[in-house]
Amino acid sequence: MSSVLIPLLLTLKVAVCATLIAGVLGIGAGYWLARTRMPGRDTADALLILPLVLPPTVLGYYLLVAFGRSSAFGAWLEGTLGIHLVFTWEGAALAAAIVAFPLVFKASRAAFEAVDPTLEQAGRSLGYNGWTVFSRVTLPLAWRGVIAGAMLAFARAMGEFGATLMVAGNIPGRTQTVSIAIYEAVNAGDDTLAGALVVIVSLVCVSLLIAANLFARRGHMRIAPV
Amino acid sequence: MHIDVHIEKQVRAARRRFDLSVQFSADTTRLALYGPSGAGKTLTLQMLAGLVRPAKGRIVVDGKTWFDSNRGIDVPPRDRRVGYVFQDYALFPHWTVAQNVSGAFARGWPRPLSASQARRVERVLLSFDLSDIRDSYPSQLSGGQRQRTAVARALVGRPRVLLLDEPFAALDGMLKNRLRAELLAIQAHYEIPMILITHDPDDLAACADVVVSLDGGRVIDVAIGNRPAPQSSAPFAPPAANSLVAHDAMQT
């Protein structure tokens with residue numbers, strides 16, 4: 001039982017943290033790109049989508065190079081802040097967050113672009129500052145799309161394999177997430193464990209997908225400008 | 001209300017440019033900005049409200065400087081205290097009529113209105129005949145109800161001046177006449193100066209003492225008193241293709 005529960009709880013922890021990180025960054029970047037008219041925003045968009053396109057192992061390799069002990073940044077993180085990212089669950093969460101980020105970003109950008117900018121002007125004409133306009137007008141009108149993106153990001157983070165393995169490795173009980181545990185169970189010929197984990201992950205991902213679709217569809221009706 | 005405006009702004013969209021340079025002074029409670037679409041009316045009104053920042057110039061209303069590029073003054077919208085009625089009303093679709101009307105008081109994170117603010121909202125809902133539909137959402141309202149909600153929302157915070165962007169453009173003839181009369185009654189009742197955008201000569205006769213005519217981003221005439229509109233009484237001819245593009249540029 002614990003061979004199912006331990007990787008599952010670890011995976012949930014990693015996926016929740018990854019979704020929070022990707023959510024905050026993705027909402028910020030999505031709003032910024034939905035409203036900015038700066039030249040080069042197409043390039044910025046392409047760069048932010050990159051984690052979706054790159055093979056996870058390539059991404060994991062970049063992360064190792066960037067955050068490993070041999071890089072100046074990695075050494076600073078470890079020496080000054082005491083943050084270890086290589087071979088830790090925090091590293092797994094970071095890797096999953098970066099892989100999941102484009103999903104929140106894309107969905108948020110589309111949702112924010114569907115909000116009529118005149119409504120934001122209306123908020124400002126009522127005396128709202130930028131944060132109040134965002135929190136009371138823009139985000140409530142876009143939140144269904146944002147939540148749908150966050151759900152996809154959560155599912156993606158749960159299933160993360162390549163980048164997580166590169167950064168955090170495969171330490172049972174510490175960094176062995178469900179997808180990695182499945183791979184190892186199959187390699188070891190433990191079909192019962194592999195089967196149990198596969199069914200659980202499939203159920204979680206399918207329910208999330210259905211929920212995300214329901215949210216997005218209802219959201220479309222609500223965010224239509226009046 | 002004494003208003004003194006001298007503002008410039010360039011708007012770029014794709015490879016087109018729209019240059020606006022507007023200058024006028026007036027002493028009136030009912031001013032209209034009149035001109036074809038693409039003349040720069042909405043952009044001028046947005047700059048008066050502080051929603052768009054002019055490239056340079058000066059806006060002085062009743063002796064208070066709202067904007068002065070030379071002195072680095074740019075008073076934010078909340079301190080200009082203007083009530084703005086948008087062309088398509090821009091009611092918040094996720095709020096009820098009552099919530100929309102309370103909008104000017106709900107500036108921070110959700111918090112209850114003070115007793116006097118709540119009384120003010122109730123009075124305004126009542127006087128705008130919105131009490132029965134206070135819990136309806138904007139998508140459930142008729143055109144006239146939407147307009148009343150928008151004007152109520154703009155007036156509830158006791159603004160110094162009411163700005164209206166084509167308030168009757170979306171309405172058909174009968175309704176237009178009725179709402180025009182309603183608006184004038186409200187304006188007289190609240191004794192609030194108003195600046196109104198229109199391309200309809202009928203609005204000028206009914207609603208304006210001073211008419212500032214705009215075309216191509218320039219003031220072409222300032223008419224005082226109820227004399228006929230400068231460009232004959234017929235509506236404007238269809239605008240030239242490039243001014244349409246300029247108009248689109250301003251809307252984006």
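**A shared nonpolar core and the strands around β9 of chain B**

Of the 124 residues in the largest nonpolar core of this predicted model, the ones that touch the most other members are A96(A), A100(A) and L163(B). Helix α5 of chain A, which covers residues 89-113, supplies the largest share of this core, namely 17 residues. In soluble globular proteins, nonpolar side chains tend to be buried together. For L163(B), leaving aside residues up to four places away in sequence, the residues touched are L45(B), L48(B), A49(B), V82(B), G83(B), Y84(B), V85(B) and I195(B).

The overall make-up of each chain is considered next. Chain A contains 10 helices and 0 strands, and its elements, followed from the N terminus, therefore read α-α-α-α-α-α-α-α-α-α, where helices and strands are taken as DSSP runs. The C-alpha trace of chain A spans about 65 × 40 × 25 Å along its principal axes, and 44% of the 226 residues of this chain count as buried. When the contacts in chain A between residues at least 6 apart in sequence are considered, 77% of them join residues at least 24 apart. Chain B, by comparison, has 8 helices and 11 strands, and buried residues make up 41% of its 252 residues. Among the contacts in chain B between residues at least 6 apart in sequence, the share that joins residues at least 24 apart is 70%.

Where the two chains meet, the contact takes 16 residues from chain A and 18 residues from chain B. On the side of chain A that touches chain B, the elements that give two or more residues are α6 (117-125) and α7 (130-159) of chain A, and the largest share of that side, 6 residues, comes from α6(A). Sorted by class, this side of chain A has 9 nonpolar, 5 polar and 2 charged residues.

Within chain B, strand β9 (residues 194-198) is largely enclosed by the rest of the structure, because 5 of its 5 residues are buried. In a regular strand the side chains alternate between the two faces of the sheet. Both faces of β9(B) are covered, with M194(B), L196(B) and T198(B) buried on one side and I195(B) and I197(B) buried on the other. I195(B), on the second of these sides, is also one of the residues that L163(B) touches.

Two strands that pair with β9(B) can be described in turn. Strand β3 of chain B, residues 30-34, pairs with β9(B) in the parallel sense over 5 bridges, and within this pairing R30(B) has M194(B) as its bridge partner. Strand β8 of chain B, residues 161-165, likewise pairs with β9(B) in the parallel sense, over 4 bridges, and here L162(B) stands opposite M194(B). The chain crosses from β8(B) through α6(B) to β9(B), and this β-α-β crossover is right-handed.

The helix of that crossover, α6 of chain B (residues 173-190), has 18 residues and reaches 26 Å from its first C-alpha to its last, a span close to the 26 Å expected at 1.5 Å a residue. After α6(B) comes E191(B), a residue whose phi is positive, near 50°.

How values were computed:
Residues numbered from 1 in each chain as written. Chains lettered and ligands numbered in written order. Predicted model: local features only at pLDDT ≥ 70, side-chain atom pairs only at ≥ 80, totals over all residues. Buried ≥ 20, exposed ≤ 12 C-beta atoms within 10 Å, placed from the backbone. Contact = placed C-beta atoms within 7 Å. Nonpolar A, V, L, I, M, F, W, Y, C, P; charged D, E, K, R; others polar. Core = buried A, V, L, I, M, F, W, Y, C linked by C-beta atoms within 7 Å. Expected span 1.5 Å × (residues − 1). Pairing = 2+ DSSP bridges. Right-handed = clockwise from strand over helix to strand, strands pointing away.
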